[in-house]
Structures are given as structure tokens and as C-alpha cells.
Amino acid sequence: GALAYGSDAIGGVVHFRTQQPEFRAQTQDAVEGQGAMNYSSAAKALTLGGKLSYGAENWAGLTLLSTTTTSHLRTGAQRPDRYPDFGLRKQYIERVGDEDRLVDNDAPNVQIGTAYSQFNLLQKLRFRLKDQLELSANVQFSTTTDVPRYDALTERNNDGALRFARWDYGPQTRALASLRLDDRRATALYDIATYLLSHQLVEEDRINRRFGDPLEENNLETVNATNLQTDFAKELGFWTIRYGFDLRYDGVKSEAFFRDINSVENSRLDGLASRYPSAGSSLAAGGVYLDAGYDLGNDWLLRGGLRLSRQRLSATFRSMDPVEWPDEYLEGITNTESAGTAALGLRHNGKVHGFRALYAQGFRAPNIDDFTKFREQNGFIQVPNPNLQPERSHTLEAGYHKKPANGKWQVELTAYHTWLRSAIVRREGDLPDGNRFFVSRGDTLFAQTNVNAESARVFGLDLSIQWKFARRIGLLADAHALRGIRQQLAPDGATLSLPQDHIPPPYGSLTLRYENRPWTAGLRLRGQLAKNSEDYAVGEITGTAGNYTFSRLGTADNLELSPYLPEEDRFAGSYGWWTANLFAEYQASDSWTLRFKVDNLLDRHYRTFASGVSAAGVDLGMGIGFSF
């Protein structure tokens, strides 16, 4: 996937394919439909969805609509004895007339500031232009109401008072339009050729206002992304060859302004720094790839590939920005990177035993967000770093699975190890004028920036087991554990081995499933182990050998969103948790299906690692699905 699509993700590609319209014979119904309605009690969430599929022998269409409306999410009430108040929403701020008021929450387990609604549309059309030649059109649209940022709404200033009266992601809108041509008329160069042209528009607004302050901060981001992807496949004896090229252009427009909510004119006021370069930023990238598979016989396959990539990042700032940028920032800074990456794998798919081994290289050049972001969060201000370099990786992965002939059980095990060079991490930094601090409307913020660590490595293990120990009863279990370590320079020049960020603690699930048509039911246990504060990533190192002090606040791990221990004056880290969940489905007829669930049966309070929102408490749900 990473070879074909040029993903900048170190771990590869997660590839989602939306449903494809199907051509219909004359004997089939011209139109078919499905619908669903689901309700969950924890957020009083109502989801409605519908699908129509239609067409004939040479054309087909598919229309999907869905909408979700939620209220404020109620979290679990059963907390660990050590953290009896963690996650309680005891107070919130409400706007009454022209005044912000601090309101006591009568139901502190209800997270005031988590309600929103969403609407989605998917429209696909497929045409058979001639035999073995098809044209497909794909249109997607998704938008939301304002989406509150709950972790910011619960943030407190140095005096212990709630900082923000409002912090919303404004309507989040995404639109996609694409055309795809599939040519299966074999030639000397290919058996199948695919040409895909797409364009995406993403609008993302951030709106916040501090308690008692009439000035509202507005950050508006608009991203236009255009992509051309071509893929070819050819079989030559025992060989399967795939090759192609892609071109990509992303343009980001970022603007920021104040708005006086007490002003009748509701006009914009200057003086606010934009999140991304105010004069615009862009990313142009391209690549070519070759992927070859060779059938070794006896269910063995050897596969390898090579990709050449090149990208150019451009960013320009304005002199009228509230930050005094150097001349080179005003003239425009650029970053151009090229790389060749390769992968080689061996796979065996036997009737009982299966095995796979993989070596892959990765390359992630800094994107616009890494390179030029200027944003405030949790008492820190992130500043651009024009000297940021790409990350490069080498990964070894091995997997084994066994499925005996009786099919009653199977097991799958995967182990992997990735070595990163120049891993991008967040660390203390300086403003362009060399200052370590930035004063924003009375708040002193510490400067941070993305830099390249010396090196890092991430390794882990995944285990999956299925066991059907009775005719209608089966057991499914999965467990995942990973660890990350990176090398960081201390002020005295020493290199220290410290935790890598973005590494969750071990987690997994265990499901007991019963099937006896028309019923399907089960019990699922989900859980995550603790992650202590000393295992969180380090942002700033001070001191000398034998007397180092590590600051773990302000990193991507969000230690400051975990429980606080006042008697020890520190954050505890993410604590372990588990939940019990029941589910059932009843197939009433070929057209009607009923679904039931009770999630978090014991009403436990927990947060997944690095999250600023507590998970749902006991959650009763019911759904209805139908077709016609």
C-alpha cells in the first residue's frame, strides 16, 4: 500500500473502499433499498441512515445518506478510589445575554461540551462504456454543526478558573469528487489499467473565546487537494507486475481574526496569528512505483517493490502578522525532499499453516502541519521549524497463523520492529527572535517546536485467537502490546534513551459469541493496562548527568489530561481499565433486523490513552435495520 499510494505514514496504509454500485440484469429489481435507525443512551445519540441501489445492465448507481445527532456524553460514575473526582464536570460556562456565567453542573458525570450533529452523503455512478471499459464517478460530502473541543473547555488557568467560555471546531466540512476509468482490455503493457483523478475540499474552523472576554478568536483553514493516480497490472507467467505513478498538490489557506461579540457590526479585527502561514502554503508531490510478485509454487509467494518519491513544501508569511518573522519567512521558505524506498516480502498460505515475513523501508517528509504550524495548546505555543528533516524507517515484520482442518480454532501472531532515523518529536524551542516565551493576551506561553530526534524504534506484538468450542458458541480474543524508545540529546551533550510518544499501553478484548438463528448474542470484555507517567514522552530535559529533570508536559501524549495527584504535585498517567459489554441481534425476517446492546455494563469511568474526553458510561442501545 505504501509503495502504491506514497503514504507518509511510517506503518503503511489503511485503505478504505466505499461500496461499489452493481450492474443489474433485466430479471433483477431496478431499485433496492436499506435503512437503519440506532439509538444510544449515553449521549442520547440518534443515527439515521438509508441506502438506495439502482441501475441496469450498462449503468448503476448508489446513494447513501446518514445523519447523527448527539447530546452531551454521560461518562461512567464508578471511579477508582484513588481518583474520585477525575473526569467530573462540576462547572461549566454559559452565555446568558451579554454575560458569561459560571454554572454548577447538577449532573457532573455529564460532559457538558460534547454535543454535536453530523450529516453525510455518498453518491456513486458507474457506466459500462463498452466491453471491459468502465467509468465511475464518486461524490462525497460530510459536514457537522459546531463541534466543542471538550479538553479545552475543561482547561483551567493558573488561578484554577475555567479558561474558555467557548472552544468549538466550526462546521467541519469535507467534499470529494473523483472520476475513475477502469480498462480491462489487455495490451502488451498491461492487463488492467486504472486512472483516477480526484479533488477534495476540507474546511476546518476553530473558534474560541476566553471567560469574560468579548473578543472571540477565529481561525479558518481551507485545504484543496488534487490527486492523479495511475495503476497498471500485468501477468507474465509466474510473475504479477504492478506499476504506476501519482501526482499530488495540496494548497492551504489559513486566516485568523478577532470578532467582538458585543459589537453590532460583528466586524473582523486584525492582530491574531493564523494557525498556518498567512500568505499561503502548499505541498506538491509525485512518485513512481514498481511492485512484482513471483509464484514460487506450493502456496509460496515472493513479492517486492520499489518507489521513488519527491515532494516540495512551500510556505510564506506576511509582515502584518502579530509575530515578527525574519525576512526569509516573508519571502517564502521551501523544503524539497526525495527518497527511494523498497519492500520485500515472503508469504506462505498453506491449508493449516501460514507464514509471512516482510522488510520495508519508509520515508516521511515533513508536511505542512509539521513544518509551519503556529498554535497554542495547554500553556505552550508551537512554532515553525524550517530546518525540519524527513523521518526514515526500516521495518522487519513476521507473522504466523494456524487453522487446523477441523476449523474449530485458529491463532494468528504478528511481531514487528521499526527503526526510525530523524524521528520528528516535539521539544522546547525558540521564537524567530530567539525568545523562549510568547505572551498571548496576558498568558505567558512556552515555545515548542518539532525537531528531529537522533533515532527511535518501535516494536510490538499482536495476538489473535478464535475457538469454536461448541456448535453454536465461540470465543474470540485479541491482545496488542508495543513499546517505543527514542534517543534524545541532553543539554550536556549526552544521548539518553527515553520513551517515544504516541505509544498506547497494552490493550485487548475477549468476546464470547453465541449464534442460533435468528439470534446472535455475546459478551465482550475490553481493557487497557496502565501507563505510568515515567513512561510518557519527554519534551524538555534540564540538568546534567546524574541530576536530569524531565518535563513530560506539552507532548503529544497529553500527560496533563490524566489524573492529577495534588499531594505529590504530579500527573499520574493513564490508569488501567476494563469494561463488560453485551450485544444481541435478532433477524426477524429477510427484511427486518433488531439490534440491542449494553456497553460498559458496570458503568466504569475511564479514558483511553491520551484522550481528553472520558468514555461513555453504561450505554443502552437499540437499532432497527430493514430492506426493501
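**View 1. G33 sits across from L52, its bridge partner in β2.** The two strands here are β1 (residues 31-40) and β2 (residues 45-55), which pair antiparallel over ten bridges. Strands are DSSP runs of E with at least two residues, helices are runs of H or I with at least four, and both are numbered from the N terminus. Two strands count as paired if DSSP finds at least two bridges between them. Four residues separate β1 from β2 in a hairpin, and K44 in the turn has a positive phi of about 45°.

A quick word before moving on: this is a predicted model, where local features need pLDDT of at least 70 and side-chain atom pairs count only at pLDDT 80 or more, while totals for chains, interfaces and linings use all residues. Residues are numbered from 1 along each chain as its sequence is written, and side-chain values use heavy atoms, with hydrogens and water left out.

**View 2. Next along, β2 meets β3.** Strand β3 (residues 59-69) runs antiparallel to β2, and ten bridges join them. Look for Y54, which stands opposite G61 in β3. Another hairpin makes the connection, with three residues leading from β2 to β3.

**View 3. Here is the largest nonpolar core, with 21 residues.** Such a core is a set of buried Ala, Val, Leu, Ile, Met, Phe, Trp, Tyr and Cys residues joined through side-chain atoms within 4.5 Å. Buried means under 20% relative accessible area, exposed means over 50%, and partly exposed is in between (1.4 Å probe, protein chains only). The members that touch the most others are W325, I333, I368, F374 and I381. At least two core residues come from each of β16 (300-315), α4 (368-372), β20 (380-383) and β25 (443-452). Leaving out residues up to four places away in sequence, W325 touches F317, R318, L330, F374, P384 and P432; contact means heavy atoms within 4.5 Å. There is also a second, separate core of eight residues, with A572, Y575, Y606 and A615 among them. In soluble globular proteins, nonpolar side chains tend to be buried together.

**View 4. Now for some salt bridges, of which the count is 33.** The rule asks for a side-chain nitrogen of Lys or Arg within 4 Å of a carboxyl oxygen of Asp or Glu. R24 and E32 make one such pair, at 3.7 Å from N to O. R24 is buried, at 8% relative accessible area, whereas E32 is partly exposed at 35%. In the pair E99 and R101, the closest N and O atoms are 3.6 Å apart. E99 is partly exposed at 43%, and R101 is partly exposed at 42%.

**View 5. R268 and E255 form a salt bridge, with their closest N and O atoms 3.0 Å apart.** This pair links distant parts of the chain, 13 residues apart: R268 belongs to β14 (residues 268-269) and E255 to β13 (residues 239-260). E255 is partly exposed, at 27% relative accessibility. Elsewhere, a network of salt bridges links D146, R166, D168, E216 and R259.

**View 6. Last stop: R185, in the loop between β10 (173-183) and β11 (192-210).** R185 is partly exposed, at 36% relative accessibility. Its C-alpha lies 7.2 Å from that of L133, although the two residues are 52 apart in sequence. Not counting residues up to four places away in sequence, R185 touches K130, D131, Q132, L133, Y190 and D191.
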